[in-house]
Amino acid sequence: MPIMTLTQITEHTYYMPGANNLGVIATGDGGAIAIDTGLDKDIARRFRKAIDEAGLTLRAIISTHHHADHIGGNDYLLRNVPDVRLHAPPLEATFIEYPLLEPTYLNYGASPIKPLQTRWLMAKGTPVNHLIGETEAIIAGQSFAYEIEGVTLEIIGLPGHSRVQIGVVYEGVCFAADGFFSESIIRKHGILYAHDIALQLATFDRLMQRSEAWYLPGHGDLTPASVIQAVLAANRAATEHATALVLAAVAQPGDTTAITARVLQAFEQEIAATETIPPAQTIPQYAIFAGAVVAHLSYLEQQGVVEVVLAERQLLWQRKGATG
Ligand SMILES: [Zn+2]
């Protein structure tokens, strides 16, 4: 017997563990639905082999959100496996079709600088064949049934990390994408990437209400029901801790670059090339970290704690009511 690359979770659910956990749902008649496809074509090639080994034929891909490390394998699989259909939530689909948008928003909306045009931030674009659900319902965290390849899945809105991110539920397994992170990932990154902190906190709470037996995050360990509450509590604590550190960093007014440097210092983090981080990854890592810092600043601004002022030719964040 060959050693299976896929790890079986329940009768019809599997995943390929890795830097990105890739989900598989067997349709029961030989077909397979992939949930995310990993960073690049090398991963996708391995994923395809793993699905073949399990005696399944890939028929559809669900992309949970547009980040390059989740959609990077789409192009390879759509090109190399016949008749595969790509499904994604609206808005995320736009970013999947125009991947230049991810490094663009990390570059103040301008045409992206070269260091941001890497495979970590920019996948190959592919057309999306089917939109899953409606933007506002997903942002509101609603769940709904979705028919695909002869099976009915439950889709749940898990917005926050990305604006219209979804999770997929089938047979007691919640494929949660980046709706939460393993404790090992939290320890490694300190600040969890987010687009909208209020939505992200609501997503942790929503996952706490679920009653599936298994929860598979995009990064980190498959999590059983017995520990999911503790893991979600750790996600919430990490997010609240990050908000507190960002607020502390605004004790003195500063622009985004200055505040980001203070928060990096508060986390005792250095973004520099190391044995595990090649030089080409440092600027993308910085851009993601700074993006997360701004998400916390925007959250504090929404709450009326922090405000933005234009002073001395700088756009400054400051405590509300402080004199600039
Ligand atoms: Zn992501």
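Is Ala238 buried or exposed? Ala238 is buried, because its relative accessible area is 10% and anything under 20% counts as buried. The model is a predicted one, and this residue is a good place to enter it.

Ala238 sits in helix 9. Look next at what surrounds it. Ala238 and Ile191 are 47 residues apart in sequence. In space, their C-alpha atoms are 7.1 Å apart. Set aside the neighbours within four places in sequence, and Ala238 is in contact with Ile186 and Leu192.

Now move one residue along, to Thr239. Thr239 also belongs to helix 9. Its relative accessibility is 3%, so Thr239 counts as buried. Again leave out neighbours within four places in sequence. Thr239 then touches Leu192, Ile197, Gln200, Leu201, Phe204 and His296. Leu192 is thus a contact of Ala238 and of Thr239. Compare Thr239 with Thr223, which lies 16 residues away along the chain. The C-alpha atoms of these two threonines are separated by 19 Å.

His296 leads to the next element. This residue is part of the contact that helix 11 makes with helix 9. Helix 11 covers residues 282–302. The axes of helix 9 and helix 11 are 9 Å apart, and the packing angle is about 80°. An angle from 65 to 115 degrees counts as roughly perpendicular, so helix 9 and helix 11 are roughly perpendicular to each other. On the helix 9 side, the contact is made by Thr239, Ala242, Thr243, Val246 and Leu247. On the helix 11 side, the residues are Val293, His296, Leu297, Tyr299 and Leu300.

Helix 9 has another packing partner. Helix 9 spans residues 225–249, and helix 10 spans residues 256–266. Their axes lie 9 Å apart and meet at an angle of about 125°. That angle makes helix 9 oblique to helix 10. The crossing of these two helices is right-handed. Which residues meet here? From helix 9 come Leu245, Val246 and Ala249. From helix 10 come Ile259, Arg262, Val263 and Ala266. Val246 of helix 9 appears in this contact and in the contact with helix 11.

Turn now to the metal site. Which residues hold the protein donors of the zinc ion? They are His65, His67, His161 and Asp178. His65 and His161 each offer NE2, His67 offers ND1, and Asp178 offers OD. These donors lie 2.1 to 2.3 Å from the zinc ion. Along the chain, they follow the spacing H-x1-H-x93-H-x16-D. The four donor atoms subtend angles of 85 to 173° around the zinc ion, and therefore the arrangement is irregular. A tetrahedral site would need all angles between 85 and 135 degrees. Two of the donor residues can be checked for burial. His65 is buried, with a relative accessible area of 0%. His67 is buried too, at 7%.

Finally, look at two loops. Most residues other than glycine have a negative phi. Leu91 has a positive phi, near 70°. Leu91 lies in the loop between strand 6 (85–88) and helix 4 (92–97). With a relative accessible area of 33%, Leu91 is partly exposed. Glu149 also has a positive phi, about 50°, and is not a glycine. Its loop runs between strand 8 (143–148) and strand 9 (151–157). Glu149 is partly exposed because its relative accessible area is 29%.

Note on methods: Residues numbered from 1 in each chain as written. Predicted model: local features only at pLDDT ≥ 70, side-chain atom pairs only at ≥ 80, totals over all residues. Heavy atoms only, no water. Donors = N, O, S within 2.8 Å, 3.2 Å for Na, K, Ca; no water. Tetrahedral: all angles 85-135°; square planar, octahedral: opposite > 155°, others 65-115°. Buried < 20%, exposed > 50% of the residue type's maximum accessible area, 1.4 Å probe, protein only. Axes fitted to C-alpha atoms, helices over the stretch in contact; angles between N-to-C directions. Helix = DSSP H or I, 4+ residues; strand = E, 2+ residues; numbered from the N terminus. Parallel < 35°, antiparallel > 145°, perpendicular 65-115°, else oblique. Left-handed = near helix turned anticlockwise from the far one by under 90°. Contact = heavy atoms within 4.5 Å.
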